[in-house]
Amino acid sequence: QVQLVESGGGSVQAGGSLRLSCAASGRTLSTYVVAWFRQSPGKEREFVAVVRRSGGSTGYADSVRGRFTISRDNAENTVFLQMNSLKPEDTAVYYCGARTVGAAEYDLWGQGTQVTVSS
């Protein structure tokens with residue numbers, strides 16, 4: 001069973017950058033589609049970005065496209081989310097999720113990492 005652990009969150013001022021990591025243990029992450037989601041207080045969890053197994057195909061929410069970049073290093077069993085030009089509305093707990101190809105839902109989740117952006 002794969003276990004996911006997020007890291008890299010913190011507090012930054014608007015316009016700053018952070019790089020989140022999602023490290024997998026227990027099994028290779030290379031067979032999974034991996035995505036980042038986020039959740040703010042009082043809001044539902046929302047999709048942020050996704051990367052396919054090979055890393056060659058990615059997708060982004062409109063709110064982060066052009067500012068965030070998702071990537072993966074299968075040799076390191078890690079997926080990254082580079083976040084630039086951060087805005088206060090990016091403040092949330094960020095989670096990585098994983099699913100096997102063809103699965104309807106993400107069934108593996110990390111514990112989340114807090115990102116706080118101040119104006």
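This report describes a sheet, a disulfide, and the aromatic and charged side chains of a predicted model.

## The four-stranded sheet

Strands of a sheet pair through backbone hydrogen bonds, and the pairing is either parallel or antiparallel. In this model, four strands form an open sheet in the order E1-E3-E8-E7, and their pairing is antiparallel. Strand E1 (3-7) and strand E7 stand at the edges; each has a single partner strand, so one side of each is left without a neighbour in the sheet. From one strand to the next, the twist averages 15°.

The pairings can be followed across the sheet. E1 and E3 run antiparallel and are joined by five bridges, with Gln3 standing opposite Ser25 in E3. Six bridges then connect E3 to E8, again in an antiparallel arrangement; here Arg19 has Gln82 of E8 as its bridge partner.

## Strand E8 and its hairpin

Strand E8 covers residues 78-83 and is mostly covered, with five of its six residues buried. Besides its pairing with E3, strand E8 is joined by six bridges to strand E7 (residues 68-73), and these two strands run antiparallel. Within this pairing, Arg72 stands opposite Val79 in E8.

E7 and E8 form a hairpin with four residues between the strands. In this hairpin, Asn77 takes a positive phi near 55°.

## The disulfide

A disulfide is a covalent bond between the sulfur atoms of two cysteines. A search of the whole structure finds one such link. This disulfide joins Cys22 to Cys96, with a distance of 2.1 Å from S to S. The angle about the S-S bond is 65°, and the link of Cys22 and Cys96 is right-handed.

The disulfide links distant parts of the chain: Cys22 lies in strand E3 (residues 18-25) and Cys96 in strand E9 (residues 92-100), 74 residues apart. Cys22 counts as buried because its relative accessibility is 0%, under the limit of 20%. Cys96 is likewise buried, at 0% relative accessibility.

## Aromatic pairs

A pair of aromatic rings is described by two values, the distance of the centres and the angle of the planes. The search of the whole structure finds four aromatic pairs. One of them is formed by Phe37 and Phe47, which are edge-to-face, at 6.0 Å centre to centre and with 75° between the planes. This pair links distant parts of the chain, since Phe37 belongs to strand E4 (residues 32-39) and Phe47 to strand E5 (residues 46-51), ten residues apart. Phe37 is buried, with a relative accessible area of 11%, whereas Phe47 is partly exposed at 32%.

Another of the pairs consists of Tyr106 and Trp109, whose rings are tilted: the centres are 6.3 Å apart and the planes form an angle of 55°. Tyr106 counts as buried at 19% relative accessibility, while Trp109 is partly exposed, with a relative accessible area of 34%. Ring pairs link Phe37, Phe47, Tyr106 and Trp109 into a cluster.

## Charges over rings

Which ring lies beneath the charged end of Arg45? The charged end of Arg45 sits over the ring of Trp109, 4.5 Å from its centre. Trp109 is also a member of the aromatic cluster described above.

A further charged end, that of Arg19, sits over the ring of Phe80, 3.9 Å from its centre. Arg19 has already appeared in the sheet, where its bridge partner in E8 is Gln82.

Conventions
Residues are numbered from 1 along each chain as its sequence is written. This is a predicted model: local features need pLDDT of at least 70, side-chain atom pairs count only at pLDDT 80 or more; totals for chains, interfaces and linings use all residues. Side-chain values use heavy atoms; hydrogens and water are left out. Rings of Phe, Tyr and Trp (its six-membered ring) pair if their centres lie within 6.5 Å; planes under 30 degrees apart count as stacked, over 60 as edge-to-face and the rest as tilted. Buried means under 20% relative accessible area, exposed over 50%, partly exposed in between (1.4 Å probe, protein chains only). A charge sits over a ring if NZ of Lys or CZ of Arg is within 6 Å of the ring centre and within 35 degrees of the ring normal. A disulfide is a pair of cysteine sulfur atoms within 2.5 Å. Two strands pair if DSSP finds at least two bridges between them. Axes are lines fitted to C-alpha atoms, for helices over the stretch in contact, and angles run from 0 to 180 degrees between N-to-C directions.
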